[in-house]
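Here is my note on the model you sent, written as numbered points so that you can follow each one with the structure open beside you. Please take the points in order and find each element before moving on.

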Amino acid sequence: MNLASLSAGYLRARPLQTALSLLLLSLGVATIILLLLVVNQLEERMTRDAQGIDLVVGAKGSPMQIILSGIYQLDVPTGNIPLAAVRALQKNSLVKKVMPLGMGDSWRGYRIVGAGHEYPAHYGATLAAGRLWQAPMEAVLGADVARRTGYGVGGRFVGVHGVGGEGEEHTEFPYTVVGVLARTGTVLDRLVLTPMESVWRVHEHEREEEAEEAKAAGRTQERKSPEPEVTVLLVQYASPLAAATLPREINSQTALQAASPAYETARLFRIAGVGVEALRAFAVVLIAAAALSVFIALYTALEERRYDLAIIRTLGGSPGQLFGMLLGEAAILAAASAAIGLVLGHAFAWALGLWLHAQQQYPVTGAVFLGEEVLVLVAAVGIALLAALPPAWSAYRTDVSQILATG
Amino acid sequence: MVLVENLEQRYGNDVALRVPRWQVEAAEQWLVTGPSGCGKSTLLHVLAGLLRPSAGRIVAFGQDLTALEPAQADRWRGATVGIVLQTLHLVAHLTVRANLRLAQYLARMPQDDAAIDEALSTLGVADKAARRARELSQGERQRVAIARAVVNGPRLLLADEPTAALDDAAAERSIDLLAGEAARRGATLLVATHDARVKSRFEHRLDLSR
């Protein structure tokens with residue numbers, strides 16, 4: 001028998017009340033931990049994906065869409081742009097590096113991206129197996145793609161039209177896997193890389209088919225530009241001066257749209273931030289409700305237990321021990337809630353990660369721990385103890401003689 | 001022994017209790033009588049160090065109670081005094097054994113199962129040790145409450161209206177148990193009551209009626 005076991009005994013003696021406080025507090029803690037984990041990981045991932053990319057150029061459209069499709073491979077592209085634009089930018093002295101990407105097809109939900117070797121090099125990717133592509137229709141798989149599909153070097157597959165994965169299969173143009181990239185923790189992990197020529201070859205053929213169909217239907221088909229196209233250009237500036245002039249210069253061309261990753265990402269977080277704030281407010285409400293339930297539980301307990309409190313004093317207990325007993329109940333409750341909340345928060349993040357993974361979306365894991373989590377736990381325990389202070393103080397001031405005189 | 005001199009307890013201008021002089025020798029058994037509101041409970045609370053008197057001096061077993069700091073009074077009470085109340089107030093969700101352990105813990109005594117078993121068996125409730133207090137009958141609770149009061153071997157055993165809620169037979173048994181335990185352990189017994197049925201049992205009597 002000691003104060004802690006006495007406190008624990010009182011908690012067990014009213015299981016419903018205790019369960020309610022436990023539930024509210026642990027859900028509050030779990031929600032905040034989940035938010036911390038998700039926001040932190042997304043920010044880190046997005047920052048890593050956008051590293052060293054100062055500007056993204058795509059077909060006219062929403063700059064946000066260009067960023068989301070061009071860098072993060074999340075949204076659909078705004079359209080295609082002529083290859084001439086690449087050459088023009090490459091000649092520009094303000095530009096250090098131009099990485100053209102070609103998109104349009106996917107394989108099992110993973111995007112097939114036409115790119116040069118400088119694209120994986122930009123993210124510092126290394127090969128886990130095989131080699132980089134050397135010829136059209138050779139493909140290199142990102143780490144997630146290889147793991148989830150079970151394909152390795154030598155595997156053959158066909159892409160489907162469209163980035164969503166529901167389109168028509170290009171059965172006459174199978175890809176051969178020649179390499180698998182090691183995990184980079186970037187967008188590359190969930191891409192299938194291939195030379196730009198593969199993308200051109202597949203889609204040229206498609207255009208020819210369309211033209212034939214049109215001819216067969218008796219319509220005259222406008223001859224499409226024979227020049228191949230790319231989807232977006234990832235641009236790195238040679239000098240900070242470029243930021244002042246280059247976007248304006250590009251946007252003045254009717255077909256092109258320049259988008260700044262820094263600006264658009266910040267805008268995205270501002271928009272998503274509203275949702276995050278709302279969830280955070282919800283978690284704070286949960287924790288406040290938990291604190292209130294602790295407060296009410298202990299205050300009710302004071303009334304129910306006034307004779308117990310008096311008896312503890314008659315048996316030699318001090319007012320400090322009564323204070324400690326009530327505070328101890330809150331502390332046990334809070335510590336248990338913090339532990340449950342921590343586990344729940346990571347479990348939620350893990351479950352969300354599984355779900356996002358199944359959607360081929362951004363990966364989120366529950367298997368990381370952040371310094372801020374400790375703060376959350378300390379704050380939750382602190383708030384519960386704070387809520388327990390007034391009842392504990394009342395217990396401290398109990399007039400034993402008076403209680404015994406009335407009962 | 002207990003010596004009370006010029007004890008006075010006031011609430012505002014009301015004098016709740018006045019005892020000019022009272023001396024109790026070790027192991028004596030006293031009855032404190034008087035009508036309701038005459039200050040019987042107050043006297044017991046003062047003697048237990050739960051209440052600091054407005055004036056006067058109490059020396060119990062060599063300790064001047066009025067000189068004790070509140071924390072010292074708690075410690076002294078735990079080590080010296082056993083209290084039985086009319087409403088027994090066992091901690092309902094704890095077992096009988098845990099209730100007695102609680103008494104040992106709060107009195108800063110070693111938590112000693114042998115002492116608990118001994119107290120329970122002399123009071124005839126050894127077989128109830130594992131039962132929760134709320135599952136006991138009134139008679140069993142009475143015995144456990146006495147066991148809890150004596151488990152630490154107090155030199156002063158205080159009982160506040162121990163028989164008020166009991167029928168004749170139970171009242172007699174309760175007084176028997178208290179007196180028997182006090183005598184067996186050599187403790188001084190003070191019973192505050194307005195219950196006429198128990199008066200004949202005690203040789204020493206302090207009448208507080210004014």
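1. In this predicted model, strand β1 of chain A runs antiparallel to strand β12 (residues 256–259) of chain A, and four bridges join the two. Within that pairing, V56(A) has A259(A) of β12(A) as its bridge partner.

2. β1(A) is also joined to strand β11 (residues 232–237) of chain A, again in the antiparallel sense, here by three bridges. One pair to look for is L55(A), whose bridge partner in β11(A) is V235(A). Is β1(A) largely enclosed or left open by the rest of the structure? Five of the five residues of β1(A), which covers residues 55–59, are buried, so the strand is largely enclosed by the rest of the structure.

3. Turning to chain B, you should be able to count six helices and nine strands. The radius of gyration of chain B is 17 Å, close to the 17 Å that the globule rule gives for 210 residues, and chain B is therefore as compact as a globular protein of that length. Taken along the principal axes, the box filled by the C-alpha atoms of chain B is roughly 50 × 40 × 30 Å.

4. Two further values describe how chain B is packed. Buried residues make up 48% of the 210 residues of chain B. Among the contacts in chain B with a separation of 6 or more, 71% are between residues that lie 24 or more positions apart.

5. One sheet of chain B is open and has four strands, which pair antiparallel in the order β2-β1-β4-β5. Its edge strands are β2 (14–24) and β5 (63–64) of chain B, each of which pairs on one side only. At the β5(B) edge, two bridges join this strand to the antiparallel strand β4 (residues 55–60) of chain B, and V59(B) has D64(B) as its bridge partner there.

6. Another open sheet of chain B has five strands, with parallel pairing in the order β6-β7-β8-β3-β9. The edges are formed by β6 and β9 (204–207) of chain B, each pairing on one side only, and from one strand to the next the twist averages 15 degrees. Within this sheet, strands β7 (residues 156–160) and β8 (residues 188–192) of chain B pair in the parallel sense over five bridges, and D160(B) has A192(B) of β8(B) as its bridge partner.

7. Where does T163(B) lie? T163(B) is in the loop between β7 and α6 (168–185) of chain B. T163(B) counts as buried because it has 22 C-beta neighbours inside 10 Å, whereas the cut-off for a buried residue is 20 or more. Leaving aside residues up to four places away in sequence, T163(B) touches A171(B), S174(B), I175(B), T193(B), D195(B), R197(B) and V198(B). For one of these, D195(B), the C-alpha atom is separated from that of T163(B) by 7.2 Å, although the two residues are 32 residues apart along the chain.

8. Finally, consider how the chains meet: 25 residues of chain B are in contact with 20 residues of chain A. On the side of chain B that touches chain A, at least two residues each come from α1 (40–47), α2 (70–80), β6 (81–85) and α3 (96–106) of chain B, and α3(B) gives the largest share, six residues. By residue type, this side of chain B divides into 14 nonpolar, seven polar and four charged residues.

Terms used:
Residues numbered from 1 in each chain as written. Chains lettered and ligands numbered in written order. Predicted model: local features only at pLDDT ≥ 70, side-chain atom pairs only at ≥ 80, totals over all residues. Rg over C-alpha atoms; globule rule 2.2 N^0.38 Å. Buried ≥ 20, exposed ≤ 12 C-beta atoms within 10 Å, placed from the backbone. Contact = placed C-beta atoms within 7 Å. Pairing = 2+ DSSP bridges. Nonpolar A, V, L, I, M, F, W, Y, C, P; charged D, E, K, R; others polar. Axes fitted to C-alpha atoms, helices over the stretch in contact; angles between N-to-C directions.
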